[in-house]
Amino acid sequence: MNIAYWIVAGLLALFYFYAGTLKLSRSRDQLRPMMAWVDRVPLPAVRALGAVEVFGATGLILPPLTGIAPSLALAAAIGFVLLQTGAIAVHSTGEDRRIALNVGLIATAAVTVWLATRL
């Protein structure tokens with residue numbers, strides 16, 4: 001179970017760290033080709049979302065790695081399930097109705113939640 005957690009959580013953390021860094025560092029015009037929803041959300045909210053993703057990715061990796069407050073990994077994984085649930089709602093209300101990636105991320109985060117309870 002430990003190896004499975006590190007594989008799944010590591011991939012999820014890489015994805016969210018990358019996506020969060022993009023949201024923190026790029027302009028709205030640079031984000032638009034990848035994320036059609038950025039025009040409907042205020043830029044400070046996009047930046048805050050990027051910070052949440054980077055902190056969540058860190059929360060998946062550092063607590064189990066250091067042994068300090070390992071329950072934070074479970075909280076981060078649950079947070080990503082909730083984050084993607086909100087993302088599906090945002091995509092569904094706009095013109096961009098592609099949610100396959102969001103569903104895949106919810107499934108991956110849910111598996112991470114289950115694996116985190118087994119650490």
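In the predicted model described here, the 17 residues of helix 5 should span 24 Å at 1.5 Å a residue, and the end C-alpha atoms of the helix are 24 Å apart, which agrees with that expectation. The buried residues of helix 5 fall within an arc of 165 degrees when the helix is seen down its axis, so they line one face of the helix. These buried residues are Asn102, Leu105, Ala109, Thr112, Val113, Leu115 and Ala116, and what covers them includes helix 1, helix 3 and helix 4.

Two residues of helix 5 illustrate how the surroundings vary along this element. Asn102, which lies in helix 5, has a relative accessibility of 8% and therefore counts as buried, since buried means under 20%. With residues up to four places away in sequence not counted, Asn102 touches Gln84, Ala87, Ile88 and His91. Ala110 is also found in helix 5, but at 37% relative accessibility Ala110 counts as partly exposed. Although Ala110 and Val81 are 29 residues apart in sequence, their C-alpha atoms are 6.5 Å apart in space.

The contact between Asn102 and Gln84 can also be followed from the side of Gln84, a residue found in helix 4. Gln84 has a relative accessibility of 5% and so counts as buried. Not counting residues up to four places away in sequence, Gln84 touches Tyr16, Asn102, Leu105 and Ile106. Of these partners, Tyr16 is listed among the buried residues of helix 1, while Asn102 and Leu105 are listed among those of helix 5.

Helix 1 has 24 residues, and the distance from its first C-alpha to its last is 33 Å, which is close to the 34 Å expected at 1.5 Å a residue. The buried residues of this helix are Tyr5, Ala9, Gly10, Leu12, Ala13, Tyr16, Ala19, Gly20, Leu22 and Lys23, and they pack against helix 2, helix 3, helix 4 and helix 5. Leu12, whose place is in helix 1, counts as buried at 2% relative accessibility. Once neighbours within four places in sequence are left aside, Leu12 is in contact with Leu60, Phe80, Leu105, Thr108, Ala109 and Thr112. For one of these partners, Leu105, the separation along the chain is 93 residues, whereas the C-alpha atoms of Leu12 and Leu105 are separated by 7.8 Å.

The loops that join the helices supply residues with a range of exposures. In the loop between helix 2 and helix 3 lies Val38, which has a relative accessibility of 1% and therefore counts as buried. Apart from its neighbours within four places in sequence, Val38 is in contact with Arg28, Leu31, Arg32 and Val46. Val38 and Ser27 are 11 residues apart in sequence, and their C-alpha atoms are 9.9 Å apart in space.

Ala69 lies in the loop between helix 3 and helix 4 and, with a relative accessible area of 37%, is partly exposed. Most residues other than glycine have a negative phi. Ala69, although it is not a glycine, has a positive phi of about 50 degrees. In the loop between helix 4 and helix 5 lies Arg97, which counts as exposed because its relative accessibility is 57% and exposed means over 50%. Even so, Arg97 touches His91 and Ser92, with residues up to four places away in sequence not counted.

Several of the residues described above recur in the account of the largest pocket, which has a volume of about 570 Å³. This pocket is lined by 24 residues, and those that lie nearest its centre are Lys23, Met35, Trp37, His91 and Asn102. Lys23 belongs to the buried residues of helix 1, and His91 is one of the residues that Asn102 touches. Helix 1 (2-25), helix 3 (43-66), helix 4 (71-93) and helix 5 (100-116) each supply at least two residues of the lining. By residue type, the lining of the largest pocket divides into 16 nonpolar, 4 polar and 4 charged residues.

Note on methods: Residues are numbered from 1 along each chain as its sequence is written. This is a predicted model: local features need pLDDT of at least 70, side-chain atom pairs count only at pLDDT 80 or more; totals for chains, interfaces and linings use all residues. Side-chain values use heavy atoms; hydrogens and water are left out. On a 1 Å grid over the protein atoms alone, a cavity is a set of points where a 1.4 Å probe fits but cannot get out, and a pocket is an open set with protein on both sides within 12 Å along at least five of seven lines; lining residues have an atom within 4 Å of a point. Grid points are joined across faces, edges and corners, and a volume is the space filled by probe spheres set on the points. Helices (H or I, at least four residues) and strands (E, at least two) are DSSP runs, numbered from the N terminus. Ala, Val, Leu, Ile, Met, Phe, Trp, Tyr, Cys and Pro count as nonpolar, Asp, Glu, Lys and Arg as charged, and the others, Gly among them, as polar. The expected span of a helix is 1.5 Å times one less than its number of residues. Buried means under 20% relative accessible area, exposed over 50%, partly exposed in between (1.4 Å probe, protein chains only). Contact means heavy atoms within 4.5 Å. The arc is that of the directions from the helix axis to the C-beta atoms.
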